[in-house]
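Biologist: I am new to this structure. Please show me how to read it, one feature at a time.

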Amino acid sequence: NIILMALFAVMVLSCSPSNKKSIDRLNAHIEKVEKNYETYSSEDWELANLEFEAIVAQLEENYETMTSEERDIALKAIGRYYGLAAKQGLEEVTYEIQKIYESLPPLIDGFMDAFR
């Protein structure tokens, strides 16, 4: 029993630094996105999302070896990333609506000309 417990402890301790490294990598990626997301092109977002998905996949592989605290930290970071993506999406939608609103007067004039 002592040998099994020692092996289990070694496994847990050897997995934990990997989990911390993945969480740190996730947070570093999110901080980079947070600093630059307002200037991201579609291609930049695509690359950021690919890296994000790779990091999350690595975390999911190690989910069972993570402590509840590590899980909470990772999930909070993931939520923060989704929030940034949603915020950027809302800003893009707002910009598109503004462009449509600004083009309405000539569009309506043209439409009305068809009935004159």
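**Reading the salt bridges**

Modeller: The structure holds 2 salt bridges. Keep in mind that this is a predicted model.

Biologist: What can side chains of opposite charge do when their charged atoms come close?

Modeller: Side chains of opposite charge can pair when that happens. Here, one salt bridge joins the side chains of Lys20 and Asp24, at 3.2 Å from N to O.

Biologist: Where do Lys20 and Asp24 sit, and how many residues apart are they?

Modeller: Both are in helix α1, residues 2–36. They are 4 residues apart, so about one helical turn separates them. Lys20 is partly exposed, because its relative accessibility is 48%. Asp24 is partly exposed too, at 38%.

Biologist: Which side chains meet in a salt bridge of 3.1 Å, N to O?

Modeller: Those of Glu34 and Arg80. Glu34 belongs to helix α1 and Arg80 to helix α3, so this pair ties together parts that are 46 residues apart in sequence. Glu34 has 37% relative accessibility, so it counts as partly exposed. Arg80 also counts as partly exposed, at 32%.

Biologist: Let us step back. How many helices and strands are in the protein chain?

Modeller: There are 3 helices and 0 strands. From the N terminus on, the order is α-α-α.

Biologist: How do I check the span of a helix, say α2?

Modeller: Count its residues and allow 1.5 Å a residue. Helix α2, residues 42–61, has 20 residues and should span 28 Å. Its end C-alpha atoms are 28 Å apart, which agrees.

Biologist: Which residues of α2 are buried?

Modeller: Trp45, Ala48, Phe52, Ile55, Val56 and Leu59. They cover an arc of only 100 degrees around the axis, so they lie on the same side of α2.

Biologist: And which exposed residues does the face turned away from that buried side carry?

Modeller: That face of α2 carries Glu43, Glu46, Leu47 and Glu61.

Biologist: Now take one residue in α1. Is Ser22 buried or exposed?

Modeller: The cut-off for buried is under 20% relative accessible area. Ser22 has 3%, so it is buried. This residue is found in helix α1.

Biologist: Which residues is Ser22 in contact with, leaving aside its neighbours within four places in sequence?

Modeller: Ile55, Gln58 and Leu59. Look at Leu59 in particular. Ser22 and Leu59 are 37 residues apart in sequence, yet their C-alpha atoms are 6.6 Å apart in space.

Biologist: How do I read sequence separation across the protein chain?

Modeller: Take the contacts with a separation of 6 or more. Residues 24 or more positions apart account for 78% of them.

Biologist: What share of the protein chain is made up of buried residues?

Modeller: Buried residues make up 21% of the 116 residues. The accessible surface comes to about 8,900 Å². Carbon and sulfur atoms hold 63% of that surface.

Biologist: Which residues make the nonpolar surface patch?

Modeller: A patch of about 890 Å² is made by Ile100, Tyr101, Leu104, Leu107, Ile108, Phe111, Met112 and Phe115.

Biologist: Where is Phe115 found? And is Phe115 buried or exposed?

Modeller: Phe115 is in the segment after α3, which covers residues 68–113. Exposed means over 50% relative accessible area. Phe115 has 62%, so it is exposed.

Definitions and conventions. Residues numbered from 1 in each chain as written. Predicted model: local features only at pLDDT ≥ 70, side-chain atom pairs only at ≥ 80, totals over all residues. Heavy atoms only, no water. Patch = residues over 30% accessible without salt bridge, like charges linked within 9 Å, V, L, I, M, F, W, Y side chains within 5 Å. Areas by Shrake-Rupley, 256 points an atom, 1.4 Å probe, with all protein chains shown as cover. Salt bridge = Lys/Arg side-chain N within 4 Å of Asp/Glu carboxyl O. Helix = DSSP H or I, 4+ residues; strand = E, 2+ residues; numbered from the N terminus. Buried < 20%, exposed > 50% of the residue type's maximum accessible area, 1.4 Å probe, protein only. Contact = heavy atoms within 4.5 Å. Expected span 1.5 Å × (residues − 1). Arc of directions from axis to C-beta.
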